[in-house]
Every structure is written in C-alpha cells, then in structure tokens.
Amino acid sequence: MGIRTMPWSEWIELDSTYQYWQRVRKFRVRTRGHDVVRVLPAREDESVKVQGGAWAAKELVYELAEYLPRRYPSSFRVTRLPNGVPAPSIGGVSLAWEQQQPVQTIEAIETGEKFDLRVLEGLDDVEMGEEAMRITAGLIQDDVALMIEGTDGKYYFQAGAICIPGFWRMRDKIGMTLDDIHISGNVPRFKEKLQTSMEKFFRRMPVDKPVVRNNYFIQVCKPLSYVADADPEPRLDVEEECAFDIDPEELSWSESTNGPEDRFLHGHGHAALPAPYLAPSTMRLRSERQTLRRLPRTGAIVFGIRTYLFKIEELAMERGVADRLASAIRSWPDDVGVYKGRKMYADVVLKYLDECAARDEWKRRDDDIHID
C-alpha cells in the first residue's frame, strides 16, 4: 500500500494556494450539490447494518476546529461556548479537547469565512451531517471520505466532501465497501495484492497511529487561448462559463482528460480523445497526499485527499527531474499504464522529458569541464 507513519502535525497541510482552492471548492459545493457533499443514513438490511455518516461528520468538524487553530494559529481564530452551556458530545463524551469548552465559531482568516458550529445542534441526522461536511470543505484543502465499519467487518463509504476529485465521482462510490470502491474503479492488482491486507489494516488501525501515502497522475488542461477561440460568442450556459473562470487548471474535474463529468463512465478514466491542445504547456502532474486516521469517539476512519498540481514545464526545469519522471512513466506495468491513461499523453510528454533530460546532461558535463 506504500503507507508510512504520519506525524500528528502533518495531518492537514495548507499552503499559498488556499484562497484559490477554496474558491473552487465553494463553487463546487454551490453548483454540484450532492455530487460533492453527501451523508448517508444508517443502513439496516438482512445482510449488514452500518451506522450513518452524520455523527462521524460532526465529530470530524469539531476535531478540525480544535486542530487547525493549534497547528495554524495565524490562519484560524475560534471562540468557545461560555462556561455552563451544555457541551455538544457524542456518546456522552465532549467534543472539546483538553477539558475546555467546545468551539462555538471558527474563522478562516485568509478567506474571512466564519462558521458557527451551533447550527449543527438544530439539525437532525443527515441534514446535520451534510452541514458539518460543508463546513469541513470550507476549512481545509483536503477532500474527505468517512469510512464506517459494518456488522460484517467491512468498511463503508458513508459520508464525503469530495469537491476536487479530478478523476472520479462520489456518486459512483458512496455507500460502497472499501473493496467494491477499488474493484469497480479497476484499480490494478487490487484483488491479488491489496484486498486482504487493506481490510486487515482498516480493522486494526488504532486512533493514535495515522498514516499517509502518495500517488500521482498526469492530466491535461485547456489553454486560455483554446477556450477563447472555440467559443467567441457570449455563452448562455453561465455555470459552465464560471466553472472555467474559477477553475482553469481543471482541478475539480479534468474534462480534458476524462470528458464531461456528467457523462463519465465509472471505472474508465482518461477516456477522452487526445485533446488537440495536448502539449507540454497544457500537461500537469497531479499528486495526491492521502491520509488515514481513526476518529476517537465514533471510530470512523477519515480518508483525506490533499491534491497538488504542478506544471510539467516547471518541474522539468529542476535538474534531474525530467529523467526521473520519464523513467517512472516508462516503468509502469501495462495495467498501471492503462489505469493512469499513459496512451493519451505518453508520446508528447516522454519526448519533451527526454529533451529536457538531455539538456540537463549537457549542462552537467559543461559544469564538470569548468570545474576541471
């Protein structure tokens, strides 16, 4: 699985793209509704019983309200409930840390967004959980999926704030088991190498040992000139026009790579025809930092997905990077190459990276000559 221990101080990462990320996330919450924020009720049938995602969503937002101002004191400001006011709790356990009163409001200073957690007390079950997930989406740059154990020992995707998935849709996976999520998504070698170990890992994961792993893909985005040339007339579809204005890098959904979001066929990423604007300048390395931690009260596992986009041209300027990236792309087994869409972009990106690697080698030799 490629996991490693995660220091507690590295659970949530913020950077200089925070405002841009939040503009995209806010737009997605507003325009995509249940496609990006959804909480399922409890499931009870003959085969399995699974708790709904609402209480885990509430616990998560209170965990973030405690964590963020401690980890990023200049970026978040909180107020707390006055002494004597009944404290929100789960199973009789307060949602505050260190015997303080629970957080009442939390403000993201950079965006000016202020969230009053008391609103959750007036809502019931799914409605409460979805409001908690909307607040979570407005606080951090991570997408979040909440996995809850059923009576069959399997973990179910019961709640999510999935605003910028890029290559998959929550509607295709919500409610599924961990196994079915990966199998239906055609994850290479999951059954052979990962299924059993991942199931055991989730069941045994302790509260105090969060973990992290990374993966990466190549994606394409439209150049500004292409959009302007292709659509010279004023657009009647205002939502689409705003989507490109807000998210020109295709952070939220890579249409250039997967085709239109609403026509996407689950398990068949990178299905779009090669774009006429495919070039090094329109290619991005999309890296995901994936974290797992267990919540102490509900026992739900929080799956965090922090996405980073890097321009291939900028990466290739760093000496040695072009050669390493080209070698990595070439090293993918065939099934991994299909999963990552290598056929779409391989010729273009590998030619460019090889040229950059050759340039690096000439520079290295030139430097060696001058040193001698």
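In the predicted model, L60 touches W11, M133, T136, V144, L146, L295 and V302, when residues up to four places away in sequence are not counted. L60 is also one of the residues that touch the most other members of the largest nonpolar core, a set of 55 residues. L68, F76, M133 and L146 are named with L60 in this respect. Two of these residues, M133 and L146, are themselves among the contacts of L60.

Several elements of secondary structure contribute to this core. Those that give two or more residues are the helices α1 (18-32), α2 and α3 (125-139), together with the strands β2, β8 (103-108), β10, β11 and β14. The largest share comes from α2, which supplies 10 residues. Another core lies apart from the largest one and comprises 27 residues, including A272, L278, A316 and Y352.

A272, a member of this other core, is found in the loop between α8 (255-258) and β13. The residue counts as buried because its relative accessibility is 18%, and the limit for a buried residue is under 20%. Along the chain, A272 and T257 are 15 residues apart, yet their C-alpha atoms are separated by 5.5 Å. T257 is also among the residues that A272 touches; the others are E255, S256, N258, G259 and M344, again without residues up to four places away in sequence.

The strands β2, β10, β11 and β14, which contribute to the largest core, also belong to an open sheet of seven strands. The order of the strands is β1-β12-β13-β14-β10-β11-β2, and their pairing is antiparallel. At the edges of the sheet stand β1 (4-5) and β2 (37-39), each of which pairs on one side only. The partner of β1 is β12 (residues 211-220); the two strands run antiparallel and are joined by two bridges. Within this pairing, R4 stands opposite V212 in β12.

Two helices pack on the sheet. Helix α2 (residues 54-71) touches β2, β10 (143-149), β13 (283-294) and β14 (301-311), and its direction makes about 130 degrees with that of β10. Helix α5 (residues 190-204) touches β10, β11 (155-161), β12, β13 and β14; the angle between its direction and that of β13 is about 50 degrees.

The length of α5 was compared with the span expected for a helix. At 1.5 Å a residue, its 15 residues should span 21 Å, and the 19 Å between its end C-alpha atoms agrees with this value. Three residues of α5 are buried, namely F190, M198 and F202. In an α-helix there are 3.6 residues a turn, so residues three or four places apart point the same way. The cover over the buried residues of α5 includes β10, β11, α4 (178-184), β13 and β14.

Aromatic residues form 12 pairs in the structure. A pair of aromatic rings is described by the distance of the centres and the angle of the planes. The rings of W8 and W11 are stacked, with 5.5 Å from centre to centre and 10 degrees between the planes. W8 is partly exposed, with a relative accessible area of 36%, whereas W11 is buried, with a relative accessible area of 3%. The pair formed by F217 and Y339 is tilted, with 6.0 Å from centre to centre and 55 degrees between the planes. This pair links distant parts of the chain: F217 lies in strand β12 and Y339 in helix α11 (residues 334-339), 122 residues apart. F217 counts as buried at 8% relative accessibility, while Y339 is partly exposed, with a relative accessible area of 30%. In addition, W8, W11, Y67 and W97 form one aromatic cluster.

Backbone geometry was also examined. Most residues other than glycine have a negative phi. Q99, which is not a glycine, has a positive phi of about 60 degrees. Its place is in the loop between β7 (93-94) and β8, and Q99 is exposed, with a relative accessible area of 84%. A positive phi, near 55 degrees, is likewise found for N186, another residue that is not glycine. N186 is located in the loop between α4 and α5 and counts as partly exposed, with a relative accessibility of 42%.

Terms used. Residues numbered from 1 in each chain as written. Predicted model: local features only at pLDDT ≥ 70, side-chain atom pairs only at ≥ 80, totals over all residues. Heavy atoms only, no water. Pairing = 2+ DSSP bridges. Helix = DSSP H or I, 4+ residues; strand = E, 2+ residues; numbered from the N terminus. Contact = heavy atoms within 4.5 Å. Axes fitted to C-alpha atoms, helices over the stretch in contact; angles between N-to-C directions. Core = buried A, V, L, I, M, F, W, Y, C linked by side-chain atoms within 4.5 Å. Buried < 20%, exposed > 50% of the residue type's maximum accessible area, 1.4 Å probe, protein only. Expected span 1.5 Å × (residues − 1). Phe/Tyr/Trp six-rings, centres within 6.5 Å; stacked < 30°, edge-to-face > 60°.
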